[in-house]
Structures are given as structure tokens and as C-alpha cells.
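User: Hi! I have a model open here and would like to talk it through with you. Could you take a look?

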Amino acid sequence: VGDPPPLMDAATAATATAAAALVWFRKGLRVHDNPALDAARRSAARVYPVFVLDPRYLRPDPAAPSPGSARAGVARVRFLLESLRDLDARLRRLGSRLLVLRARDDVSDAVCAALKDWNIGKLCFESDTEPYALARDKRVTDFAAASGIEVFSPVSHTLFDPAEIIEKNGGRPPLTYQSFVATAGEPPKPVMEKYSELPPIGDTGGYELLPVPKLEELGYGDLSQEYIPPFRGGETEALKRMRESLQDKEWVAKFEKPKGDPSAFLKPATTVLSPYLKFGCLSARYFYHCIQDVYRSTKTHTKPPVSLAGQLLWRDFFYTVSFGTPNFHQMEGNKICKQIPWRENGELFVAWRDGRTGYPWIDAIMIQLRKWGWMHHLARHSVACFLTRGDLYIHWEQGRDVFERLLIDSDWAINNGNWLWLSCSSFFYQYHRIYSPISFGKKYDPNGDYIRHFIPVLKDMPKEYIYEPWTAPLSVQEKARCIVGKDYPKPVVDHEAASKECRKRMEEAYASNRLGGNPVKGNSSNSSRRKFSDGGQDVPDSSMSKQPRKRS
């Protein structure tokens, strides 16, 4: 699979002529398979490629639990800036460049000002289904309509148009994967055409055109001690990673989720293409059809929902359900979400968030999240279950917010969908099947290498105690230079007792929902912030039901 040529959009809207067109990048940070960019280059003598720095996501927040903004940790911001620099470099090779603007407060105001000041005749941007984006885009399109500016906003972030799927399904989003796949059919093929240049940029007047800022220039304070994740942003890296993944045709043909090793960190057991899909550095349609090319060259291959192509369909499934479900991002007012009286416990929540639960498997995952901005999907499942229906019985919205802020592949639709699923609030309802914070990780990594890497204080703990250090005799703890309760926390709950209590509470909540009651008391956690996204979703296996042997 080579570097793809840019896409030629077949839509008739792309042929309309304008003196100047503005391509507004938000996601879709790529040149290949970019209908908005292609429409602009075909229909205008001058093309302005624009990205607006959004203070909503980038403004420093000194009160945040780790460096970054209120909505984005430094790992995701770094990935975004790397993606923008790569996009700028690729545009420059076509005789253009990325025009970076900084919004004072509202991104839509900055875009509308540029449309007016640069005398733009056509605005092209990839459509977005997130609530924040829909409101932002409406302000811009209303301004464009009032100003006589043509707008072309194609669907290219997903395989399918969520609105079309909902219409085909009788005006309602399909609520199961199987019904979604049956309704959707085959996604459109990206039509590709090579081109070597873009129209020139027109006069930008007195605008201050910024270079893509460096992370340190955003005001996040001293980042010298911050870990630099191993995943670099950008279309170039996305296409390279995709090529490398698809070169192993046997691996592609046999790919079967949820199988995979969640403890593999030096060489992750997945493609790690989710952040590139989230930012649109890689076209989902291009990736899907490249996978189909591999399938055609093999005798047999796995099928959806577990196949590699099936993971892209999971992505579209969550996009479609989220688009067609009001209040999808919260419990209250969400008709597909069970109303569960989650408890509020700030101390337990912070212990989970900061990797201080006393369960090394859980803590190592949360530390990897904090440092890398990514972890394996089964690792995500483990910590999500632990926070909600497994051990702590804390609201999934609180966990969602942590993932939303820290994941480099944080995706509003998929993140919320996965948390609804793993908390057994929607989609999946076998709440009695719980991930053990001890035995689940041990079956993949009995020596505890993953734990030793992310929790160095435990690196000398013997393997028979690495998952349960509180059970080690004091002499063993002293030899390992890790005294539980001093150098590493004691467990915040007893898993056997806590999981039993969680099952009881879930049973009561389900019964109340069946009777039409509303067991929710008090205020739910803050659910206004938006935007776990590793693509697909899978059902827990039977090994998660096993309870660890109780030790004193």
C-alpha cells in the first residue's frame, strides 16, 4: 500500500466556480481523500487552507490535574500540533501552506471574519456530528448564507453519512451493531486522482499568519519532566503506520478483537491508528478499502464484528447512534441510558484518576494513559469497569471526562459509547461479568513487566506478589524496597466485597428501571464537557467473571 493520491470528489457541488475558496480544517488533517480540499482546488483560482487555534481546547488551565487545558492534556495537544506541522509541510509541497489563525474566544468569529476580509466565494469543510461542532458550524454557515457564500460540507470523517443511515432505518439510529451493518451496506469508495499543485493563496491583508506553535509556547508551564509519547502525529506517520500494519497480510486476515495483549506496550498488539482516524490524518474510507484489498489477496479472513474492517464499522456505529440520540453524552435525558444511582466519592475517584488505587494492574493502565495518552482497548475496559460497576460504583461520566481529556484518540462519539457500554448503562447489560483487577492482567503478563515499567516502585517485587503487593510478607516488601501503605498505596477497596456490592446495586438499579422508576438521587456529575476511543467494542469474556482468591 503506497502513499495515496489526493481524492477527486465526484459531487456536483465541487464544480461550482468561485474566485476564492477557503478550506477550513478542523479534523480531516490530511491531503489524501479530502473532498473539501479537492472541491476548493477545482472551483477557485485562489485557495486559503485555514486552521483556527481553538482556546476552548488549548487555553492553559492551571487547576487541571496534569499539564494542558481543561479539555486536553499535553499528549493530545502535542499530537495535534505535530499533525498540523505535517499538514503544512504536505501543503507546501503542493505550492500552498496552512494558514494558522488564533481565535480570541469563539472559532466561528475568526472564520467569519476571514470569509469577509478575504472576499471568499466558497467555503469548504468536512462535516462534523459532535454537538459542539454542529453549533459552531451553524454559526459559520448562517453567516455564509447571509453573505452569499457557497458552502460545501461533505461527509468524509466516517465511512457513511450518519444522517443517511438514520433515514434508511426509519428515522431512528440502529441500536445494535448487527442492525447498523445490515442497514449501512458497503461504504463509498474513495475516488482518487493525482495532482501536483494547489491554486495559490490569495492576499491575506493585514492578518497575522502564525506558524504552528510549539507546545511550550501555549503556556502550559514547565514540561521538561513530561513524558513524550511514542506516537507522532500527522498524515505522513499515519500512512506509514497503516502500510506497515497491512504489510503483514496474515495478521490482517486473522485479526480478531477482543483478542490481543493489553499488557504489550513496547510493541502494542493493535495498529494504534485510532488517533490518526480521530484527527483525520488517515481517511477511514481509504483505510477500509486498503483492508479490503488485503482480504482479496488472502484465502480466508475474519469477519465483522471482530475483524479489522469490523472495527471501522464499530466506529461508524457509535457515530451514528450518537448523532441520532439526544443527550448521548450523559445519563440524564438520554433515552438509551439506564438511570443508575452512581455514588459520589471524590477520594476514590482521584485515586483511580491518578493511578493510586493500590491495584497495580489498574494503576499501571492509568499511568500509561497519563504519560502516553493511549492504552490497549482491553486495558481501557479494565479501568472503566473498575471505576463503575466493578468496584467503585462511580459515575461513568466522570471516567469519560478523564479519558476525554487525556486520550490522544479521544473521540466524542466513541468515548461516550464505550463508557455507556462498559458501565452497562447501554448496549451491553451483563453487569455480573466483571474484570478482575488482579487475575485479568496476570493471564497476559504473569511476570508483571507492564506494571514494573509504569510503576517503578514495584519493579523489584517478586512476580507472585506483583499483582497483589499487599499480600507480600513485610520481609519481602522490605527486600523489594516497597512498603505497601508507605511507598505504594494499600487497596482502596477489597475487590471481592466491592464487586459483590456493585452487582447487588446494579441488580437493584436494573429492577428500578424495569419498573419505570428513576433511582437517580442528587446531581449527576458534570456532563456538559464533551468529547476510549480505540475503534470497536467487544463483549467481556468469561475469564472476567472469576473472583480472585481472598488473601489476608
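User: What covers the buried residues of α17?
Analyst: The cover includes α5, α12 (308–324), α13 (346–353), α15 (377–390) and α16 (396–406), where contact means heavy atoms within 4.5 Å. Helices here are DSSP runs of H or I with at least four residues, strands are runs of E with at least two, and both are numbered from the N terminus. This is a predicted model, so to speak of local features pLDDT must be at least 70 and side-chain atom pairs count only at pLDDT 80 or more, while totals for chains, interfaces and linings use all residues. Residues are numbered from 1 along each chain as its sequence is written, and side-chain values use heavy atoms, with hydrogens and water left out.

User: Thanks. How many residues of α17 are buried?
Analyst: Helix α17 spans residues 412–422, and 11 of its 11 residues are buried. Among them are Trp-412, Trp-419 and Trp-421, as well as Asn-415, Asn-416 and Asn-418. Buried means under 20% relative accessible area, exposed means over 50%, and partly exposed is in between, using a 1.4 Å probe and protein chains only.

User: And what comes just after α17?
Analyst: Cys-424 does, with a positive phi of about 60 degrees, although Cys-424 is not a glycine. Its place is in the loop between α17 and α18 (439–442). Cys-424 counts as buried, at 0% relative accessibility.

User: Which other residue has a positive phi without being glycine?
Analyst: Arg-481 is one, with phi near 55 degrees. You'll find Arg-481 in the loop between α20 (474–479) and α21 (495–514). Is it buried or exposed, you may ask? At 57% relative accessibility, Arg-481 counts as exposed.

User: Back to cysteines, then. How many disulfides does a search of the whole structure find?
Analyst: The search finds 0 disulfides, a disulfide being a pair of cysteine sulfur atoms within 2.5 Å. For Cys-337, the nearest cysteine sulfur is that of Cys-424, 11 Å away. For Cys-502, the nearest cysteine sulfur is that of Cys-385, at 8.3 Å.

User: Are those two buried or exposed?
Analyst: Cys-337 counts as buried at 6% relative accessibility, and Cys-502 counts as buried at 2%.

User: New topic: the sheet. What is its strand order?
Analyst: It is an open sheet of 5 strands in the order β3-β2-β1-β4-β5, with parallel pairing. Two strands pair if DSSP finds at least two bridges between them. At the edges are β3 (99–102) and β5 (150–152), each with a single partner strand, so one side of each has no neighbour in the sheet. From one strand to the next, the twist averages 25 degrees.

User: How many bridges does β1 have with β2, and with β4?
Analyst: β1 and β2 pair in the parallel sense over 7 bridges, and Ala-20 stands opposite Arg-46 in β2. Strand β1 (residues 18–25) pairs in the parallel sense with β4 (residues 122–124) over 3 bridges, and there Leu-22 stands opposite Leu-123.

User: How enclosed is β2?
Analyst: Strand β2 (residues 44–53) is largely enclosed by the rest of the structure, because 8 of its 10 residues are buried.

User: Which helix lies across β1, β4 and β5?
Analyst: That's α5 (residues 131–146), running at about 170 degrees to β1. Axes are lines fitted to C-alpha atoms, for helices over the stretch in contact, and angles run from 0 to 180 degrees between N-to-C directions. α5 is also among the elements that cover the buried residues of α17.

User: Which residues does UniProt list for the domain here?
Analyst: The UniProt entry, which is unreviewed, lists residues 19–159 as "domain: Photolyase/cryptochrome alpha/beta". UniProt positions are given in the numbering used here, feature names are shortened, and annotations may be inferred rather than shown by experiment. Over residues 19–159 the chain is 42% helix and 19% strand, with the end C-alpha atoms 31 Å apart.

User: One last spot: what is in the loop between α11 and α12?
Analyst: Ser-297 lies in that loop, between α11 (284–296) and α12, and so does Pro-305. The peptide bond from Pro-304 to Pro-305 is cis, with omega near 10 degrees. Ser-297 is partly exposed, at 42% relative accessible area.

User: What does the side chain of Ser-297 reach?
Analyst: The backbone oxygen of Val-294, at 2.7 Å. Ser-297 is also 8.2 Å from Lys-249 in space, C-alpha to C-alpha, with their positions 48 residues apart in sequence.

Terms used: Polar contact = N/O pair within 3.5 Å; in protein donor to acceptor, adjacent residues only side chain to side chain.
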